[in-house]
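I opened this one cold and kept notes as I went. Here is what I looked up, in the order I looked it up.

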Amino acid sequence: MSARELGGTTAATVRLSLRVTALCWVLVLLDGLDLFVYGATLPGVLADKGFGLTPVSGGTIGSLTTFGMMLGALGAGILTDRVGRRKIIITGVVVFSVAAAACAAAPTVGFFGAARFIAGIGLGGLLPSAIAMVMEYAPAWRRNLAVTTVMTAHQAGGALAGALGMTLVQSMGWRSVYWIGALLLVVVLPAVVFLLPESMTFLLAKGKTERARAIADRFAVPLGTFAPEPSEDRRGGLRGLFTPSVRTTTVLFWIASFAGLLLVYGVNTWLPTMMRGSGYDLGSAISFLLVINLGGIAGMLVAGRLADRFGARPVAVVWFALTACGVGLLAVHLPLVVTYVVVFLTGAWLFSAQTLIYAAVGAYYPAGSRATALGWVSGVGRTGAVFGPWLGGILVAGGLSSFGFVVFAIAGLLGAVMVALVRRNGVFTTTSAAPVS
């Protein structure tokens, strides 16, 4: 092994990994912005009496968005190992950006809801595909950190949505925030089309060796680094998730993802409104969305390093349990400074707990099923994402905001138990798989 290699990874391979991670980071930032902008603008949309949105219909639209995300993630999980990750990623960006423009111009609540549903399809398709791409190109010794790093972009997008909501909703109206999200497409998409390579593992699996070799030569990386993993069981696709060695793990990850995404989307959709219902003014209520996502960024970086050292699965168990404690504390009216600290710490645990599920999945499935596993863990989990905003809307409409925090805390405990039940050792532990969790 040369001095420029570490764990079988050349310096050129690391540079390519950084390129892919950086591009996917930007795309996931847009994904997070377009997703969390709904929660940031929701108080302003509800205050727009001429538009006619109610808390119940607001919760329904939040659920429509996440239902679209579920369909997008499931579709991506099936298609990404057939048509390639790059096409799914680019298509997702186009879909949710065009839908953002439709939201900005929406004449009615029904049109707005339909646009958010279509946006959800694009959002849901992009995220698991981007994670799978980052996992493929990341060296094995830094894979968990690469995944959590790219997921900081999701929380950066949420923080940006909160900042835009605080600065623009009252002065320029809630529609202005959606226009900004749509305009970012014009800047970012050409760079992604030009700079993002296709998955070499996908190309090799499809027998497109020359295309894969051209990419490898372009970036001066060894093609053998991306060869499909040897495995006794080569069944890919959805069937590969239910082989005897992984079927119980599949169900446990699905339930944990349900709980995690119920938390992520329920809290992000309704946190400003629920905090306002607890006596905070509009500006402070929206600021909690900014703070919780800033906490999410810090938590991702810490969780990634801990996961590379101790494994993603055990760290996820602890993070889910801490999330339950943090969310539960929000049901108590604390001094403002203490509340900000609790919100920040809750964000640090909440978002990375779900991300650690994605990071752990790579250790339990072969290369032929890994992208499908990620897509379906994300997609099935979206049922929680559908349920969370709807449930939050019902609780807010009933004047039960404090009880809503208790319900979300219970979801955190469910996630901790499910991940804890996943058996300790992963099945696929070659250097091209994620670290065992």
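My entries start with the whole chain and then go helix by helix.

**Ground rules.** I'm working from a predicted model, where local features need pLDDT of at least 70 and side-chain atom pairs count only at pLDDT 80 or more, while totals for chains, interfaces and linings use all residues. Residues are numbered from 1 along each chain as its sequence is written, and side-chain values use heavy atoms, with hydrogens and water left out.

**Whole chain.** I counted secondary structure and got 14 helices and 0 strands. For the record, helices are DSSP runs of H or I with at least four residues, strands are runs of E with at least two, and numbering goes from the N terminus. Next I checked burial: of the 437 residues, 60% count as buried. Buried means under 20% relative accessible area, exposed means over 50%, and partly exposed is in between, with a 1.4 Å probe and protein chains only.

**Aromatics.** I searched the whole structure and found 8 aromatic pairs. One of them is Y38 with F112, a tilted pair at 6.2 Å centre to centre with 35° between the planes. It links distant parts of the chain, since Y38 sits in α1 (residues 11–47) and F112 in α4 (residues 109–137), 74 residues apart. The rule I used: rings of Phe, Tyr and Trp (its six-membered ring) pair if their centres lie within 6.5 Å; planes under 30 degrees apart are stacked, over 60 edge-to-face, and the rest tilted.

Are these two buried or exposed? Y38 counts as buried because its relative accessibility is 2%, and F112 is buried too, at 0%. I also noted that Y38, F51, F112, W174 and Y178 form one aromatic cluster.

**α3 against α4.** The axes of α3 (residues 85–104) and α4 come within 7 Å and cross at roughly 155°. That makes α3 roughly antiparallel to α4. Axes here are lines fitted to C-alpha atoms, for helices over the stretch in contact, with angles from 0 to 180 degrees between N-to-C directions. Under 35 degrees is roughly parallel, over 145 roughly antiparallel, 65 to 115 roughly perpendicular, and the rest oblique.

**α11 against α12.** The axes of α11 (residues 312–329) and α12 come within 8 Å and cross at roughly 150°, so this pair is roughly antiparallel as well. α11 has 18 residues and reaches 26 Å from its first C-alpha to its last, close to the 26 Å expected. The expected span is 1.5 Å times one less than the number of residues. Among the buried residues of α11 I jotted down W319, F320 and V327.

**α12 up close.** Its 26 residues (336–361) should span 38 Å, and the end C-alpha atoms are indeed 38 Å apart. There is still a kink of about 30° in α12, centred on A353. The bend at a residue is the angle between axes fitted to the seven residues ending there and the seven starting there. With 19 of its 26 residues buried, α12 is largely enclosed by the rest of the structure.

I picked out V341, which is found in α12. V341 is partly exposed, with a relative accessible area of 45%. Its C-alpha is 8.7 Å from that of V291, and the two are 50 residues apart in sequence.

**Last stop, α9.** A256 lies in α9 (residues 247–277) and counts as buried at 0% relative accessibility. What separates the C-alpha atoms of A256 and V380? I got 10.0 Å in space, against 124 residues along the chain.
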